[in-house]
Amino acid sequence: MSSILFPKSQRQSGGGGRSPDSLALRNSLCLSPVELDPDSPQKDSGGQSSCDSDSAILAQEAVVSLVEENVHFSTMDSPRTPRPPLTGSDLPSTSGQFTSDGVGFEGSLLRKKGFSEGLINTLLKSRKNSTTNIYVRIWRKFLSVSGSVISQKASIPKILEFLQKGLEMGLATSTLRVQVSALGALYNCGLAKNYWIARFIKAAARSRPIVKNKLAPWDLNLVLSALTEPPFEPLESASIKILSLKTALLIALTSARRVSDLQALSRLTPYMQIRDDRVVLRTDPLYLPKVASRFHRLQEINLPTFCPNPKNPKELKLHTLDVKRCLLKYISLTDSWKKDNSLFISYQGVKKGFRVSKNTLSRWIREAISLAYSAGGLEVPEGVKAHSTRAMASSWAERSEVSIEDISVEKIVKNIGISRCQHVCLANNQGVPR
């Protein structure tokens, strides 16, 4: 097409608005005369893909011009604003080489190698879809800025220049390692073992050492104390929101699991067992944890009871921290309107009764901690994250000389100074392992 006509806006600029001329699109659209088809039977002149730091990348003129000249990735972007190599939806697309689905693009690469559809479907399950989508975003950016093509061998100098740009833009060393893994998957080689790549990553780590804050982000003693008082107690008169927040926070603390693991917990009988001395939880069998080994997929979460038979007001107050008590109350209130077998379900909105997302569950935990501070008239700490419950629980467990698998509220509270109640609970449960 020689030109594309856009209707002229009749809206007049006024007030503090921006002039329509500054938002006007270009009067022409550059289209590439050459389009790469991922499924085309083009042969790789270089043989199988492999890492070769000494070989120069020489692409055909049509291919190079396709990436560098004929494709305008974003007509609305300002050339004065640089962007990091891994940004998100604003990453450029290489004129038909990529699809919106990372799995679909990787499938086209495997199809070009001559693999059957059944074999491709099996190989695509080696990584999570989220990981594949991250890799594809990195592939898009690398191929667009380097002018490389997939069929050629990996050029170590170009990869190093790509990593150097990311380092200059402030990317963390862990992000650079992800980019190395993604490019290694693109060229089917172990880039991380390459001498120059390994040297660059080591230099990046030395130039930007990780600085960790050794101070606790929030006070566990204060939060546990707040959970025994209003608005979290009495539990019978607490709202479903307060009950959801308290249950999520207690399970996160006593299990020291990731939010993704907590989201995958099921309330079905085989996967949730309510026993006299503890609650046994398991994730949904279709859930794949971060470490998808047989051990991690079948691992149980044992949450022992806490002061099940209180004898005095102090023990009665500590019994409010019992996970089993909160969990039974939560299940009894949500079973009537649940629409999902997940343990944590939404209590409001159009998604009421359905499984909550990881972001929602994280917000519940953060909101519970914030509410504990505000209930005591204290300022909520900045930067509170749901993932901090893992570090908080494991740190208290380490101080109490127990393993991560044995973390419970009893072990956490022991270091706060209520060991007498712990001994009473152990005696009542006849020495049940914690």
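Contact here means heavy atoms within 4.5 Å. With that in hand, let's work through some exercises on this predicted model.

**Exercise 1. Find which residues Trp218 touches, leaving aside its neighbours within four places in sequence.**

Step 1. Start at Trp218 and look for its contacts beyond the sequence neighbours: they include Val223, Leu253 and Ile369.
Step 2. Complete the set with Tyr373, Pro381, Val384, Ser388, Thr389 and Met392, which are also in contact with Trp218.

**Exercise 2. Describe the largest nonpolar core: which members touch the most others, and which elements supply it?**

Step 1. The core holds 51 residues, and Trp218, Ile251, Leu281, Leu343, Phe344, Trp364 and Ile365 touch the most other members.
Step 2. Two or more residues each come from helix 8 (220-227), helix 9, helix 10 (259-263), strand 2 (278-281), strand 3 (301-304), helix 13, helix 14 (358-375) and helix 15 (388-399).
Step 3. Helix 9 gives the largest share, nine residues.
Step 4. Another core lies apart from this one; it has 27 residues, including Val136, Phe142, Phe162 and Ile201.

**Exercise 3. Decide whether Leu249 is buried or exposed, and find its contacts.**

Step 1. Locate Leu249 in helix 9.
Step 2. Buried means under 20% relative accessible area. Leu249 has 0%, so it is buried.
Step 3. Setting aside neighbours within four places in sequence, Leu249 is in contact with Val223, Leu227, Ile365, Ala368, Ile369 and Thr389.
Step 4. For a long step along the chain, take Leu361: it is 112 residues away from Leu249, while their C-alpha atoms are separated by 9.5 Å.

**Exercise 4. Work out how helix 8 and helix 14 are oriented to each other, and which residues make the contact.**

Step 1. Two packed helices are described by the angle between their axes and the distance between the axes.
Step 2. For helix 8 and helix 14, the axes come within 9 Å and cross at roughly 80 degrees.
Step 3. Angles of 65 to 115 degrees count as roughly perpendicular. Helix 8 and helix 14 are therefore roughly perpendicular to each other.
Step 4. Helix 8 brings Leu222, Val223 and Ala226 to the contact, and helix 14 brings Ile369, Ala372 and Tyr373.
Step 5. Sorted by class, that contact has six nonpolar residues, with no polar and no charged ones.

**Exercise 5. Do the same for helix 9 (residues 240-255) and helix 13 (residues 323-334).**

Step 1. These two helices pack at an angle of about 140 degrees, and their axes are 9 Å apart.
Step 2. That angle makes helix 9 oblique to helix 13.
Step 3. The crossing of helix 9 past helix 13 is left-handed.
Step 4. On the helix 9 side, the meeting residues are Ile240, Leu243, Ser244, Lys246, Thr247, Leu250, Ile251 and Thr254. Facing them in helix 13 are Val323, Arg325, Cys326, Leu327, Lys329, Tyr330, Leu333 and Thr334.
Step 5. By class, the contact of helix 9 with helix 13 has nine nonpolar, four polar and three charged residues.

**Exercise 6. Find the cis peptide bonds in the loop between helix 8 and helix 9, and give omega for each.**

Step 1. Pro231 lies in this loop, and a cis peptide bond joins Pro230 to Pro231 with omega about 5 degrees.
Step 2. Pro234 is in the loop between helix 8 and helix 9 as well, and a cis peptide bond with omega about 0 degrees joins Glu233 to Pro234.

**Exercise 7. Examine Ala256 and Cys307: what is phi in each, and are they buried or exposed?**

Step 1. Ala256 sits in the loop between helix 9 and helix 10. Its phi is near 55 degrees, a positive value in a residue other than glycine.
Step 2. Ala256 counts as buried because its relative accessibility is 5%.
Step 3. Cys307 is in the loop between strand 3 and helix 12 (313-318). Phi of Cys307 is near 50 degrees, again positive in a residue other than glycine.
Step 4. Cys307 counts as buried because its relative accessibility is 2%.

Methods:
Residues are numbered from 1 along each chain as its sequence is written. This is a predicted model: local features need pLDDT of at least 70, side-chain atom pairs count only at pLDDT 80 or more; totals for chains, interfaces and linings use all residues. Side-chain values use heavy atoms; hydrogens and water are left out. Axes are lines fitted to C-alpha atoms, for helices over the stretch in contact, and angles run from 0 to 180 degrees between N-to-C directions. Helices (H or I, at least four residues) and strands (E, at least two) are DSSP runs, numbered from the N terminus. Angles under 35 degrees count as roughly parallel, over 145 as roughly antiparallel, 65 to 115 as roughly perpendicular and the rest as oblique. A crossing is left-handed if the near helix is turned anticlockwise from the far one by less than a right angle, and right-handed if clockwise. Ala, Val, Leu, Ile, Met, Phe, Trp, Tyr, Cys and Pro count as nonpolar, Asp, Glu, Lys and Arg as charged, and the others, Gly among them, as polar. A nonpolar core is a set of buried Ala, Val, Leu, Ile, Met, Phe, Trp, Tyr and Cys residues joined through side-chain atoms within 4.5 Å. Buried means under 20% relative accessible area, exposed over 50%, partly exposed in between (1.4 Å probe, protein chains only).
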